[in-house]
Amino acid sequence: MNTRSEAAKKRWTNSEQREQARKCQTERWMDPELLKRHSEALCDSWKSPERKREAAEYWENGDNRIYRAGLGKKLWENIEYRTKQTAERKERWSNPEYIEKMRLVNADPVVSKKRSRIGKQLWQNPEHAKKCLHRRTPSGPEQKIIDILKSLSSELLYVGNGSYLIPGTRMNPDFVDKNKKLVIEVLGCFWHGCSKHYPDVRKQRQNTSRINKLKRLGYLVLIVWEHELKNHAKIVAKIKAFDKRR
Ligand SMILES: [Zn+2]
């Protein structure tokens, strides 16, 4: 290690000096001249086709993506980071302009083509494929509902694998009948804080806000709690009645 990095390391291990250095940096970045210079330099470097190609290769490399996902997961375990991110995301997605912008981005054929290319590349990686397949399989309770709907020849389809989003939103319901605008959500007692087994006010509030959002969009919503599936005849009757409501 050279002396310069040695000195830097020493500074970094001393908390007082570290604080000082951080302050210095923050002040430096308040300087509009420096910011301008920096952003210009960055723009210039991005004009180089070499740099562009390198970056594109990096972003599209499946291994790098998986590596980054690992880093993201670690960050996500930090409660402070998670709280901040969640709040920011919520704010972004409550802005109709942002929702519209994302809708346009998602509808852009260039973007979807690129996504599908990256997706295909990712699927070459068995680790990634395994992860996704796991998520795509219906849960136990979902499978029971699938069987019931089949026996009723219902038009309600399982889309909980992410294959369908409510138009104009990011909401992926568990079951949907697009024509009749019916949605069935299957809620696990633990994950959604059912009032009988795992009462949790925060989770219940989340459930209610989700249902209300769907209702505002003109959907009829049936909630099926995991514990309700124990009484087969009762749940079949409930779903049958719901399916006939429209
Ligand atoms: Zn329950």
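**Strand S3 and its surroundings**

Reader: What does Phe175 touch, and what makes these contacts?

Author: Leaving out residues up to four places away in sequence, Phe175 touches Ile145, Leu156, Leu157, Tyr158, Val159, Val183 and Ile184. Two residues are in contact if their C-beta atoms, placed from the backbone, lie within 7 Å. This is a predicted model: local features need pLDDT of at least 70, side-chain atom pairs count only at pLDDT 80 or more, and totals for chains, interfaces and linings use all residues. Residues are numbered from 1 along each chain as its sequence is written.

Reader: Why is strand S3 called mostly covered?

Author: A residue is buried if 20 or more other C-beta atoms lie within 10 Å of its own, exposed if 12 or fewer, and partly exposed in between. Five of the six residues of S3 (182-187) are buried, so the strand is mostly covered. Strands are DSSP runs of E with at least two residues, and helices are runs of H or I with at least four, numbered from the N terminus.

Reader: How do you know that S2 and S3 pair?

Author: Pairing requires at least two DSSP bridges between two strands. S2 (residues 175-177) and S3 have three, in the antiparallel sense, and therefore pair. Asp177 has Leu182 as its bridge partner in S3. Four residues separate the two strands of this hairpin, and Lys181 in the turn has a positive phi of about 55 degrees.

Reader: What joins S3 to S4?

Author: Six bridges join S3 to S4 (residues 220-225), and the two strands run parallel. Val183 stands opposite Val221 in S4.
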